[in-house]
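Morning, everyone. Let me put the model on the screen, and then we'll walk through it.

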Amino acid sequence: MKDRQELFGVIQDLAQAIQAAAIYPAHHQRVQQLLTRLHSRIGRVSAAVGTIHIGIIGDHFIIDEFPFLEMNPAMGKLLRDIREKGIEKLSLREGLTYGELKRFVFFLATGKEEASGAKWERISYGNIQTIGKADPLPEGFERSLPRSGLLFGVTDTLKRLLHSLAGGEGGKSISEARDIVASLMQGIRQDAFLIHRLMQLQSHDDYTVTHSLNVCALVVGQARMLGIPEEKIQEIGVAAMLHDIGKEMVPAEILQKPGKITASEFARMAEHPVLGANALRKLDHGSDLPMIVCFEHHIRYDRSGYPRTSSREPLHPVSYMTQIADVFDALRTYRPYRKTLDMKTALSIMDRGRGTEFEPTYYDNFLRMLFADQAGAGA
C-alpha cells in the first residue's frame, strides 16, 4: 500500500528545496540540508512505488492518485513557478542521483538551465500526457465527447421510473432502477470518459432526471474508488439515483422557477427529502438504503442543512457520498438562474466546505475519483 504521507512529503520537501535554491547559492548549508532530505525521501518512496508521478490539475498537485489539498503559500508559489515553465507533470524514477536532483531543483528555482540543453536520466517533465494509463481531456474536449450508446433513451426511462416510484408503484420500477445502475457500472468499467459524457447531458427541461443520473454515476465512481464489492455498488447506485425522488412531489413552478425562490418556496422545496423518504418507505425494494440516503442527503457533516434532526450520530456513508456528488453536479450543471460553473470554480467553492459541509475522508476520495477519471485512468 502506498504511504500517502510520504508521497505528500516529497512535494513538501521539493517546495522547500526550490524556495531555498531561489534565495541562497548552491553551496549554502540550508540548500544542502534540504536537498539531502529531499533526495533521501525520494529514494525511500521510489524504492517502494517505482516512479513518483506529480501532476498539476486545477489548483492542486496530484501525487500518484492522491490530491494534495494543503496548499500553503510556499506550495502555491511552487505550483505557479512550475506552471510558468510549461510543466504540468513531473516523473521521478528510482535511482535518481543527488547531482541530477540538485540540477533540476536549481532549474525550477532559477530557470537558468534550458530544458533542451539538459540531459535528464531519471527525471521527465512536460505537459500532462499520462497520469496512470491514459490521456487527459484536452482543452474543450468535454464539449465534444461523443455520446455513449448507454445514454440514448436512458433519461426518458428514468423520468418515467421516478414518476412511478413517487406514485407508489414499486415492482417493475425498482427492477428498472437496478438495470440502469447495472448499465452505468458496466459503462464506467468500459469507458473512462463516461462520467464526463453524463455531465454533458444537462437537460434544461428535466433537470431532476439528468441530475439523478449524474449523481448516481458519481457515487458509483466513488464506491469503486473505495474498493466496495460490485454487488454492493448496485444497491448504492440505486439509492443515489433515487435521492431526489421527493422533488416529484414539489410543484413544477417552484422546481423550474427561473429566478430566486422565496422563503416560503424554499420551505416547500426543503420538504423533498422527507417526502421522498416517506414514498420509498412504502415500497418493497429489498433495502432501506434508498430511504436513508433520500432523507439524509441535505444534512451536512456539521449537522446543519435539512431536515433538522436531534441525532448526533454520523450519517450513512452513502449519504455523505451522495451529498458531495449532489453539490458538485448542481454547481456544474446549467440552471435558468445561473450559468454552468467550470470544474476549477466548482471545486474551489467545495474545498471551503471540506470538514464542515462535507465529510473530509469521503470528500478526498471524491477528488481522487474525479481527477483519476479526468485523466482517463479511473475506469
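Where is Pro 307 found? Pro 307 sits in the loop between α14 and α15. Keep in mind that this is a predicted model. Now look at the bond into that proline. Tyr 306 and Pro 307 are joined by a cis peptide bond. Omega there is about -5°.

Stay in that loop. Arg 303 lies in the loop between α14 and α15. Its backbone deserves a look. Arg 303 is not a glycine, yet its phi is positive, about 75°. Is Arg 303 buried or exposed? Buried, because its relative accessibility is 13%, and the cut-off for buried is under 20%.

Next, Leu 315. The loop between α14 and α15 holds Leu 315. Leu 315 also counts as buried, at 7% relative accessibility. What does Leu 315 touch, leaving out residues up to four places away in sequence? Glu 296, Ile 299, Arg 303 and Tyr 320. So one of its partners is the arginine we just met, Arg 303, where contact means heavy atoms within 4.5 Å. In sequence, Leu 315 and Arg 303 are twelve residues apart. In space, their C-alpha atoms are 9.2 Å apart.

Now step back to the helix before the loop, and its partner. Helix α13 covers residues 272-281, and helix α14 covers residues 289-296. They pack at about 170°, and their axes are 7 Å apart. That angle makes α13 roughly antiparallel to α14, because the cut-off for that label is over 145 degrees.

Which residues make the contact? From α13, we have His 272, Pro 273, Val 274, Gly 276, Ala 277, Leu 280 and Arg 281. From α14, they meet Pro 290, Met 291, Cys 294 and Phe 295. By class, that contact has eight nonpolar residues, two polar and one charged.

On to the cores. How many residues are in the largest nonpolar core? It has 49. The residues with the most contacts inside that core are Val 219, Ile 324, Phe 328, Leu 347, Met 350, Tyr 363 and Phe 366. Several elements give two or more residues to this core, including α6 (154-166), α7 (172-190), α15 (317-332) and α16 (343-351). Helix α14 is on that list too, as are α10 and α17 (360-374). The largest share comes from α9, with eight residues. Another core lies apart from this one. That second core has 37 residues, among them Leu 7, Phe 8, Ile 42 and Leu 92.

Two of those helices get a closer view. First, α10, residues 230-241. It has twelve residues and reaches 16 Å from first C-alpha to last, close to the 16 Å expected. Its buried residues are Ile 233, Ile 236, Gly 237, Val 238, Ala 239, Ala 240 and Met 241.

Then α17, where Asn 365 lies. Asn 365 is buried, with a relative accessible area of 1%. Beyond its neighbours within four places in sequence, Asn 365 contacts Gln 222, Met 225 and Leu 226.

Last, the whole chain. The protein chain has 17 helices and five strands. Of its 379 residues, 49% count as buried. Take contacts between residues at least 6 apart in sequence: 68% of them join residues at least 24 apart.

That's my tour. Questions welcome.

Terms used:
Residues numbered from 1 in each chain as written. Predicted model: local features only at pLDDT ≥ 70, side-chain atom pairs only at ≥ 80, totals over all residues. Heavy atoms only, no water. Helix = DSSP H or I, 4+ residues; strand = E, 2+ residues; numbered from the N terminus. Expected span 1.5 Å × (residues − 1). Buried < 20%, exposed > 50% of the residue type's maximum accessible area, 1.4 Å probe, protein only. Axes fitted to C-alpha atoms, helices over the stretch in contact; angles between N-to-C directions. Parallel < 35°, antiparallel > 145°, perpendicular 65-115°, else oblique. Nonpolar A, V, L, I, M, F, W, Y, C, P; charged D, E, K, R; others polar. Core = buried A, V, L, I, M, F, W, Y, C linked by side-chain atoms within 4.5 Å.
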